[in-house]
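Let's take a walk through this model, residue by residue. Have the coordinates open and follow along.

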Amino acid sequence: QGQGPKAEKLMEEAMPVGGWVLLQNCHLFASWMPKLDKILEQLDPRQVSSEFRLWLTSYPSDKFPVAILQNSVKITNEAPLGLRANLVGSYLMDPISHEDFFEGSEAPGPFKRLLYALCFFHAVIQERRLFG
């Protein structure tokens, strides 16, 4: 809703100077994706810095232009399967994995129990997501 012109302006400003642009939730703006495809097709490589990057985030969508997908590097992020894998993943992420954070509390016992409860709750929610 009105985000297309803003996105175009951001890309126009970033292309010559090598800036980075992140367009989030592109699956919600399927009607604008053909216009983005046209913009990218008409780019003159001589006028775009080699440092320019365009990042797009999206859920899988059949309305996403094939040309953009074919000319992109795709990265997927999937939650680990199982409670244990999810808990381990949480404990290995920043900032939890840093000893300063993990051991830095003035009340280490309650802090560690609360942290475990939060990580466990997150893991359960991620698992339940699979069941709708």
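Start with Glu127, which, leaving aside its neighbours within four places in sequence, is in contact (heavy atoms within 4.5 Å) with Pro80, Leu81, Gly82 and Leu83. Glu127 sits in helix 6, residues 108–128; helices here are DSSP runs of H or I with at least four residues, strands are E runs of at least two, and both are numbered from the N terminus. With a relative accessible area of 18%, Glu127 counts as buried, since buried means under 20%, exposed over 50%, and partly exposed in between (1.4 Å probe, protein chains only).

Before going further, a word on the ground rules. This is a predicted model, in which local features need pLDDT of at least 70 and side-chain atom pairs count only at pLDDT 80 or more, while totals for chains, interfaces and linings use all residues. Residues are numbered from 1 along each chain as its sequence is written, and side-chain values use heavy atoms, with hydrogens and water left out.

Now for the inside. The largest nonpolar core (buried Ala, Val, Leu, Ile, Met, Phe, Trp, Tyr and Cys residues joined through side-chain atoms within 4.5 Å) has 14 residues, and Met11, Val21, Leu23, Trp32, Met33, Leu36 and Phe52 have the most contacts inside it. At least two core residues come from each of helix 1 (3–17), strand 1 (20–23) and helix 2 (33–41), with helix 1 giving the most, four residues. Apart from this core lies another, of five residues, including Leu87, Ile96, Leu115 and Ala123. In soluble globular proteins, nonpolar side chains tend to be buried together.

Trp32 is a good one to click on: not counting residues up to four places away in sequence, Trp32 touches Gly4, Ala7, Glu8, Met11, Leu23 and Ile39.

What about Asp37, over in helix 2? Leaving aside neighbours within four places in sequence, Asp37 is in contact with Pro65, Ala67 and Ile68. Asp37 is buried yet has no salt bridge, and the nearest side chain of opposite charge, Lys38, is 8.8 Å away. A salt bridge would take a side-chain nitrogen of Lys or Arg within 4 Å of a carboxyl oxygen of Asp or Glu.

Let's finish with Arg53, in strand 2 (residues 53–56). Arg53 is partly exposed, at 35% relative accessible area, and touches Gly19, Trp20 and Val21, not counting residues up to four places away in sequence. Arg53 and Leu28 are 25 residues apart in sequence and 21 Å apart in space, C-alpha to C-alpha.

Key
Lys, Arg positive; Asp, Glu negative; His and termini not counted.
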